[in-house]
Amino acid sequence: MQVVALEEAVAKIPEGARLLVGGFMGVGTPEGIVDEIVRQRKGGLTVIANDTAMPGVGVGKLIAANLVRKVVTSHIGLNPETQKKMLAGELEVKLVPQGTLVERLRAGGFGLGGILTPTGIGTVVQKDKPTVELDGRTFLVEAAMRGDVAIVQAFLSDYMGNLTYALTARNFNPIMAMAADTVIAEAEHVVPVGVIAPDHVATPATLVDYLVSHDR
Amino acid sequence: MDAEVIIAKRIARELSNGMLVNLGIGIPTLVANYVPKTVHVYFQSENGLIGTGPVPEAGMAQARLTDAGGKPVTALPGAATFDSAMSFGLIRGGHLDLTVLGGLQVDEGGHLANWMIPGKMVPGMGGAMDLVTGAKRVIVAMRHTAKNGSKVVRQLSLPPTSVRPIDLLVTELAVIAFPGGRATLRETGPGVTVETVLKNTEATLVVPDKVPAMDLEAA
């Protein structure tokens, strides 16, 4: 783990990266990192995130800045800009049921090839996907998913990069921190080692490559 | 009484002590306003909270404590927070006693469409497909009709949310259950006749000899 300046952390994100973005309707999204991605104009991104938030918030900023080529997400309903760009053919949108999205990412981070889920059977989600029968039930085979880079927001990080999350700002963050080659964490507060008890570490420091402090 | 209040009050009567309940946006959210004082349930927000409380008082909102729409909520004593994998593990894993969801259409077999209108409205399914597939019990709260006719249809014309049939449909006109995969009229709305229900329903409805009126008062 390296503590780096925000500019330097974002410079590590390649153009056209598969980018995992933590957060749920912007809550728990590392806004400092998002703003810097916009400032550095990192384009051609494939963004994987729960939702595209609202205009001016979280992933919504990346959409508005035309930095996203494709988004894999469960919900775009609160961001009219996503829908407009999708209908205009400027943005590819792949809709995935929320529980399937998080579990595909979890599988990606946990070294599994995919998951078997009943969700989506008999709906448009099933299209072109294999099914399997187990114990008399039918499951959809959904492939694991990973990112090149994950950007996550933590409430606390200690100096070593152990992370904890707060309330509903946790959401996809700890899952995504397992599922990318490079993990950049933005902590609202950086605290001395030991302040976060071992039992309370949600993302161990070994998973974090770069840490930027929200306080800066 | 307002149609949405009728629906919310009737569904509130389906709640019982200790249940874990997930309410969708729209009419389902109103159900929380009519839970009897003697009934204690846990509300889940799928963004990672059990014990969701009312909207905070002015000045008391906490940016990291929100509902699934991103709006500030409170957490009641005994609340728990967790990540999205756990949240959907609760939903798919059979740990969620009840979900109440809005609907665009319900067909006579109890199948629900509630997540998109092709070419018009494509918000994404969010957690709806997992909720309908995984919850122990699924209740749909919706108005009986829309501008273009009945929302209780013979066959879905909109993309289904799940192949799993819902357990109960509550509209301002009727309570409908689906025993053996057949839409069956259980109750009529306040001041509503069976004829009115039938006139506003496209689906074939099984009508028992006796159909009581909805009881909207808490037991």
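This is a short dialogue on reading a sheet, a helix and two loop residues in a predicted model.

User: What should I know about the numbering and the limits of the model?

Analyst: Residues are numbered from 1 along each chain as its sequence is written, while chains are lettered from A and ligands numbered from 1 in the order in which they are written. The model is predicted, and local features need pLDDT of at least 70, side-chain atom pairs count only at pLDDT 80 or more, and totals for chains, interfaces and linings use all residues.

User: In what order do the 3 strands of the open sheet in chain B stand?

Analyst: Strands of a sheet pair through backbone hydrogen bonds, either parallel or antiparallel. Helices (H or I, at least four residues) and strands (E, at least two) are DSSP runs, numbered from the N terminus, and two strands pair if DSSP finds at least two bridges between them. In chain B the order is E7-E6-E11, with mixed pairing. Strand E6 (residues 105-107) of chain B is joined to E7(B) by 2 bridges and runs antiparallel to it, with B:Gln105 opposite B:Ala113.

User: Why is helix H3 of chain B described as largely enclosed?

Analyst: A residue is buried if 20 or more other C-beta atoms lie within 10 Å of its own, exposed if 12 or fewer, and partly exposed in between, with C-beta atoms placed from the backbone. In H3(B), residues 84-92, 7 of the 9 residues are buried, so the rest of the structure largely encloses the helix; among the buried ones are B:Phe88 and B:Ile91.

User: Is A:Met25 buried or exposed?

Analyst: A:Met25 counts as buried, because it has 27 C-beta neighbours inside 10 Å, and its phi is positive, near 55°, although the residue is not glycine.
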